[in-house]
Amino acid sequence: MSSHEEMYRENVFELFKNPLNYGKLEGSNCSCSLSNLICGDNIFVEIILKDGEVKDIRFTGSGCAISIACASALSEDIKGRNEKEILGMGLNYVEDLLEIKISAGRSKCALLFLDAVKEALRRCGDSHRRSFDVHGEDINKKMEEFI
Amino acid sequence: MKNNKSDFPIFENNKGLVYLDSASTSQMPKVVIDRVTKFSEAENSNVGRGIYDLSVKAGEEFESVRRKVSDFIGGKNGEVIFTSGTTMSLNLLSYALQGIIGDGKDEIVISEMEHHSNIVCWQELCRRSGMKLKFIPVLDNFELDYVGAKRLICEKTAIVSLCHVSNVLGTVNNLEKVSSLTKKANAIFVVDAAQSVGHMDVDVEKVGCDFLVFSAHKIFGPMGVGVLWGKNEILKKMNPLLFGGGMISFVSKEESSWAKIPEKFEAGTQNVSGVIGLGSAIDYLNGFGTKTVEECLKRLFTYAFGRLKEINGIKIYSGENGFGIISFNLGGIHSHDVASIVNDYGIAIRAGHHCAMPLMKRLGVDGTCRISFQIYNSEDDVDRLIEDLKKVLEVFRE
């Protein structure tokens, strides 16, 4: 089986074309925007975190079929999970969840959402939850404007 | 024309590879690889340091490449400075020009079709100096807006920095037209020739620029070597960016003075084997002439442009007069998905923003697929791409 046949399965197309948990989340208490440096795709994740557990999560942004399908499946999967469980997730977890094999060149696409969630969780609870770049500009605000 | 594919070992070592990403980096012919290896095996020495034969010979060879580069771009009225690449050349300029900008000059003009390397360093100069960065628009036909350029380039303009050929659109900019504007405005004119030198005849005198920059690795040379050609009268006024060995004439505990141009701008040990490789790449190019490359790239562009248009739902982001590079999107399919699937069939194309995010925004897309040609490509490569793009459509059922 070629690598694209292992990646572009029926469930990937379904999750890509009808993504789960796509849209803004009212009342989120932690969030993060991340870009895929290769293609410039952005993903913005909003989470309601209570007692260290993800109560709700939604995302916005654009991406390839792999990144959106992974975001879609993961966003559903991590609801109800705690921070420790989520921070322990990696590429293997994503591959098992979607029952696909991610080729080496696409791991950044597959992990964009998960990396954004992890970063949001790390920031959550900080006295300043937002991220600032080297010039002191608010990255989240810039990302939101970009999206 | 003879297809030069057999000159390039990459194709011997990767059977079936269709390489359509030469705008990112071109492959190296065996003669260049052999020349770099020979230098490392038999001639390796630092230059400008030793008085022993090995060092003297390496120094002579290094300087002969400098003359070769100068001849290659008609640069007799200026000086060739070696850098690590186009990005380094532009960064050097963005720092070194800061100190010589005249009173009343507080604007820098670039265009919407620039590579990040020709945007970010000027943004940073503006941030440091309080100058303003202005963008010449790109028209809907993917050409530069020369009316906009005329409006923007004025007496307040300190620097105009423009690509010769867009790394995304393949658009060839009319530099002579821009040069007449920069001369009238008394502005410094910088040309990013990364996608044009070695791909077509480029003569700095005809272009009418003050600085011209390019990289060796896009013209069959090694990575990590670039060129900054500049006019002597401006180089003389500029302060160095990097300080250290090789660029000084005298150092005391209190102060230092600089070596002459070009050494003044070449601090530290240079990438000597890379420069030797660049010299070999120019010899290779001169063997058949850049005119031959230009004709080949034009022919392949026209053929690919026509064949791509056969595909239902394709959107091409290059004009009919483009050169060597075509960007496109396949319906609503993300460029990464397209590149990933054709990769399975041995086709290497670029996907994403191509280090040109402001241009992507102008085009209203997150990214594009991009194909780019070199002399080792043929119409067969285009045909294979077209067949495999149709397979992508089948995978996505579009």
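How many nonpolar, polar and charged residues does the lining of the second largest pocket have? In this predicted model, the lining has eight nonpolar, 15 polar and four charged residues. The second largest pocket itself has a volume of about 410 Å³. It is lined by 27 residues, and those closest to its centre are Ala23(B), His115(B), Asn167(B), Lys218(B) and Cys355(B). Two elements of chain B, α4 (86-96) and β14 (350-352), each give two or more residues to this lining.

A closed space is also worth a look. The search of the whole structure turns up one cavity of 30 Å³ or more, and the largest cavity holds about 60 Å³ of space. Its lining includes Ser22(B), Ala23(B) and Val165(B), along with Gln195(B), His199(B) and Leu297(B). Also in the lining are Phe323(B), Gly324(B) and Ile325(B), as well as Ser372(B), Phe373(B) and Gln374(B). By class, the residues around this cavity divide into six nonpolar and six polar, with no charged residue. Ala23(B) takes part in both settings: it belongs to the lining of the largest cavity, and it is among the residues closest to the centre of the second largest pocket.

Attention can now turn to charged pairs. Over all chains, 35 salt bridges are found. One of them joins Lys68(B) to Asp283(B), with the closest N and O atoms 3.0 Å apart. Because Lys68(B) sits in helix α3 (residues 53-72) of chain B and Asp283(B) in helix α10 (residues 272-288) of chain B, this pair ties together parts that are 215 residues apart in sequence. Lys68(B) is partly exposed at 23% relative accessibility, and Asp283(B) is partly exposed with a relative accessible area of 41%.

Another salt bridge in chain B pairs Asp140(B) with Arg362(B), and here the closest N and O atoms are 2.7 Å apart. Asp140(B) lies in the loop between β4 (132-136) and α6 (146-152) of chain B, while Arg362(B) belongs to helix α13 (residues 357-363) of chain B, so the contact links parts that are 222 residues apart in sequence. Asp140(B) counts as exposed, at 66% relative accessibility, whereas Arg362(B) counts as partly exposed, at 28%. Elsewhere, Arg35(B), Lys38(B), Glu43(B) and Glu61(B) are joined into one network by salt bridges that share partners.

Chain A offers a further example, a salt bridge between Glu95(A) and Lys101(A) whose closest N and O atoms are 3.5 Å apart. Glu95(A) has a relative accessible area of 10%; since buried means under 20%, Glu95(A) is therefore buried. Lys101(A), by contrast, is partly exposed, with a relative accessible area of 47%. The chain around this pair contains seven helices and three strands. Read from the N terminus on, the elements of chain A follow the order α-α-β-β-β-α-α-α-α-α. Of the 147 residues of chain A, 48% count as buried.

Finally, the surface of chain B carries a nonpolar patch. Phe243(B), Ile248(B), Val251(B) and Trp258(B) make up this patch, and together they present about 360 Å² of accessible area. Within the patch, Val251(B) belongs to strand β9 (residues 248-251) of chain B.

Conventions. Residues numbered from 1 in each chain as written. Chains lettered and ligands numbered in written order. Predicted model: local features only at pLDDT ≥ 70, side-chain atom pairs only at ≥ 80, totals over all residues. Heavy atoms only, no water. Patch = residues over 30% accessible without salt bridge, like charges linked within 9 Å, V, L, I, M, F, W, Y side chains within 5 Å. Areas by Shrake-Rupley, 256 points an atom, 1.4 Å probe, with all protein chains shown as cover. Salt bridge = Lys/Arg side-chain N within 4 Å of Asp/Glu carboxyl O. Helix = DSSP H or I, 4+ residues; strand = E, 2+ residues; numbered from the N terminus. 1 Å grid on protein atoms, 1.4 Å probe; cavity = no way out; pocket = protein on both sides within 12 Å on 5 of 7 lines; lining within 4 Å. Points joined across faces, edges and corners; volume = space filled by probe spheres on them. Nonpolar A, V, L, I, M, F, W, Y, C, P; charged D, E, K, R; others polar. Buried < 20%, exposed > 50% of the residue type's maximum accessible area, 1.4 Å probe, protein only.
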